[in-house]
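Open the model in a viewer and have the selection tool ready. The stops below follow one another, each with a selection to make and a short note on what is there.

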Amino acid sequence: MKKSLVFAMAMALGVSATAFAANPFSDVPAGHWAYAAVAKLAAAGIVDGYPDGTYKGDRTMTRYEMAQIIAKALAKGAIGADDKLVSEFADELDNLGVRVAKLEKNADNVRVTGAVRLSYEQDGGGKFDGDDDKSASRLRTRLFFTGEVNDNWHYVAMLENNQYFQGQNENGEDDTDFQRAYLQGNIGVVNVTAGRFNAFYGDGNIFDDRADAIEVTVPFGDAHFRAAYGKMANSKDYTGTYGSKDAGDSIADKFWTAELGGTWGNFDLTASYLKADDVYQNDSVRNDDKIWTAQAVYHPGKFYLGAMYLKGDDDSLKGTAYPNGDDDGYVVKMGWAGAQEDKPGSWGLYTSYYDQGAPTVIAHTMNGPAWKFNDGDGFKGWMVGGNLTLAKNMVAYVEYYDLKGKESDDHGRTLWSELDITF
């Protein structure tokens, strides 16, 4: 047997150095250099000899025999499932029925993370007149499963549960959905996302929700080109309506988009085009929409200031209550720093002013009442908010929105608060 192997086994398997009774193997006498190590392993029940009472230490050990020793060490608690020996001999251990070996071998290939959001909103203004409930609270839990396919690709799935605490769901009703499933990776310098994922277009002023699509991004120097094709997969009742079941009617059908942008010094510059078919406006109107955008953001340090111009297609107003409404708009935003979930005590302040015609919005990213103006009215108004990291991976937000219709002047106001917990 190899001298280094015997001592290494005794040390790696964590066998204590207490004295033992006589060594049971006839070919390892008391004066042998390996006597103490072999005696310890035998006394711990980790190594067995042959039927004739010998150890045959000069015989080369097979991987299968080594796996048997590791399996016994695992069973007796001499080593843990995270030991390097377990990973090295995972296949042999799996053949022996030691399933923990297989699980540990793949543990690094599948990662589970989560995000919990507890939110409360209080609504008011003429747009909410007649609503039975002008407040809503929800606990949203998301579990993300990320599996490494190979060095270049991984698969992501998301399971979401919503618990509603007001309105028709006071009886404890909840829903759980398998909402995202997509592949993400790269082919050379081209980054690819394909499947059902969260799509974010026009800085969220156009769309921020689920889509069944393929999206590619090509970086070149300080710039990038992004393009996507697919279907907007969210329900028309998904955005902004808490406590109600999805109607199952998508807010839009097929779409495609292209974006060109980059960072030069302290400036981010972006231009984009998006075309979506059958965009939902109200219960009876669904029209195609085309939206162009141009945006510039200046960020010299912790402070940032940005503006976006949006131009929609007039056809999305036809048949609504406001056929002559604006088809363009702009958004101005400003902020200072921002809460970082890994830095307790970090904080940020931010504000935005919106002036968006109905054709420039499909599913807005805001927590405010933009969805109340989806009948062709469009909206304008402002929001102010702040966030604070209370403890590591615990961030609190408070936001206030005051919007009104561009054509109707009906107000919609929302005070929004949330606590985000990630793990």
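**First stop: His364**

Select His364 and Asn205: their side chains make a polar contact of 3.3 Å. Keep in mind that this is a predicted model. Now add Gln356, whose side chain is joined to that of His364 by a polar contact of 2.9 Å. To place His364 along the chain, look at the loop between β13 (347–356) and β14 (379–391). Is His364 buried or exposed? His364 counts as buried because its relative accessibility is 7%, and the cut-off for buried is under 20%.

**Second stop: Lys406**

Go next to the loop between β15 (394–405) and β16 (411–422), where Lys406 lies. Lys406 has a relative accessible area of 14%, so this residue is buried.

Which residues does Lys406 touch, leaving aside its neighbours within four places in sequence? Select Asp326, Asp328, Asp355, Gln356, Gly357, Asp377, Gly378, Phe379 and Lys380 to show them. Two of these deserve a look at the side chains:

- Asp355, with a polar contact of 2.5 Å to the side chain of Lys406.
- Asp326, with a polar contact of 2.8 Å to the side chain of Lys406.

**Third stop: salt bridges**

Side chains of opposite charge can pair when their charged atoms come close. How many salt bridges does a search of the whole structure find? The search finds 17.

Stay with Lys406 for one of them: its side chain meets that of Asp326 in a salt bridge, at 2.8 Å from N to O. Asp326 lies in the loop between β11 and β12 and Lys406 in the loop between β15 and β16, so the pair ties together parts that are 80 residues apart in sequence. Asp326 counts as partly exposed, at 36% relative accessibility, whereas Lys406 is buried.

Another network to select is Arg117, Glu418 and Asp420, which are joined by salt bridges that share partners.

Then select Lys290 and Asp313, a salt bridge with its closest N and O atoms 3.4 Å apart. This pair links distant parts of the chain, 23 residues apart: Lys290 is in strand β10 (residues 285–298), and Asp313 is in the loop between β11 (303–311) and β12 (328–337). Lys290 is partly exposed at 24%, while Asp313 is buried at 14%.

**Last stop: Asp209 and Arg210**

Select Asp209 and Arg210, which form a salt bridge with the closest N and O atoms 3.9 Å apart. Asp209 is buried, with a relative accessible area of 4%, and Arg210 is buried at 7%.

How values were computed: Residues are numbered from 1 along each chain as its sequence is written. This is a predicted model: local features need pLDDT of at least 70, side-chain atom pairs count only at pLDDT 80 or more; totals for chains, interfaces and linings use all residues. Side-chain values use heavy atoms; hydrogens and water are left out. Helices (H or I, at least four residues) and strands (E, at least two) are DSSP runs, numbered from the N terminus. Buried means under 20% relative accessible area, exposed over 50%, partly exposed in between (1.4 Å probe, protein chains only). A polar contact is a pair of N or O atoms within 3.5 Å; within protein, one must be able to donate a hydrogen and the other to accept it, and residues adjacent in sequence count only if both atoms are side-chain atoms. Contact means heavy atoms within 4.5 Å. A salt bridge is a side-chain nitrogen of Lys or Arg within 4 Å of a carboxyl oxygen of Asp or Glu.
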